[in-house]
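This report describes one residue and one strand, together with their surroundings. The structure under discussion is shown below.

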Amino acid sequence: MPATADPRVAIVIPAYQAAGSVGAVVAGARAIAPVYVVDDGSTDGTGEGARGAGVTVLRHVTNRGKGAALATGIAAAVAGGADVIVTLDADGQHPPSEIPRLLAPIVAGQADLVLGARERGGTMPLGRRVTNWLSSRLATRIAGQGVADAQTGFRAFSRSVAERVKPAEDRYEYETAFLLGACDAGFRVTCVAIPTIYEGATSHFRSWTDTWRVARVFARYAKRILAGGGAA
């Protein structure tokens, strides 16, 4: 298991209008490894809140989307020499204390990409439970590997995955494209159960527009299977 504040690991936190929560998230994460916060055009002081916690803050002048923020942070982590990269959201939904559990399968050589799988129940809103279940079933079928939570933004993956999987998508569909792209490239995926935390934070996911974008990614990979390209 990586030691505390292990420089071989980098944590990437995409953040938009998260001034009220990013400080606490960063405080928990920075004790484990170096942190890159990507302020995606926030106007509420998100970047300042992260800087106050003493981590690297990268800024998009305008809001470019979660995918673009992740791509910026991952590229910076790779350039900084990280061997393993962790991504988690800035809204407090993902407990930084769970990061070592996500890292464990990679450190043990058992996986290349680890998904923090949320329990579908309890505090997870009903609408999210339904979409989470459906997307996970689709991802499992398309990828040919078990995927318990296709929508989770709490992930750990090797440098090899980061260097090879670079989706063109720039919003919420980026994460779906990243997951399916990693499977398509032959990387091993596993899941680790994590607590489900919803405390009323505002979601920036636009139900119709972003769902359509995600559906298009699924359709693209499913089409490859039907065309005889094998598991995407």
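## The environment of H60

The side chains of H60 and T72 are joined by a polar contact of 2.8 Å. The model in which this pair is found is a predicted one. H60 belongs to strand β3, which covers residues 56-60.

The relative accessibility of H60 is 5%. Because buried means under 20% relative accessible area, H60 counts as buried. When neighbours within four places in sequence are left aside, the residues in contact with H60 are V38, D39, D40, G41, A68, A69 and T72. T72 thus appears both in this list of contacts and as the partner of H60 in the polar contact.

## Burial of strand β5

Strand β5 spans residues 113-118, and six of its six residues are buried, so the strand is largely enclosed by the rest of the structure. Burial extends to both faces of β5. On one side the buried residues are L113, L115 and A117; on the other they are V114, G116 and R118.

## Strand partners of β5

Strand β5 is bridged to two strands, β6 and β7. With β6 (residues 155-158), the arrangement is antiparallel and comprises three bridges. Within this pairing, L115 of β5 stands opposite R155 in β6.

With β7 (residues 189-194), the strands run parallel and are joined by six bridges. Here L113 stands opposite V189 in β7. Both L113 and L115, which face these partners, lie on one and the same listed side of β5 and are buried.

Definitions and conventions:
Residues are numbered from 1 along each chain as its sequence is written. This is a predicted model: local features need pLDDT of at least 70, side-chain atom pairs count only at pLDDT 80 or more; totals for chains, interfaces and linings use all residues. Side-chain values use heavy atoms; hydrogens and water are left out. Helices (H or I, at least four residues) and strands (E, at least two) are DSSP runs, numbered from the N terminus. Buried means under 20% relative accessible area, exposed over 50%, partly exposed in between (1.4 Å probe, protein chains only). A polar contact is a pair of N or O atoms within 3.5 Å; within protein, one must be able to donate a hydrogen and the other to accept it, and residues adjacent in sequence count only if both atoms are side-chain atoms. Contact means heavy atoms within 4.5 Å. Two strands pair if DSSP finds at least two bridges between them.
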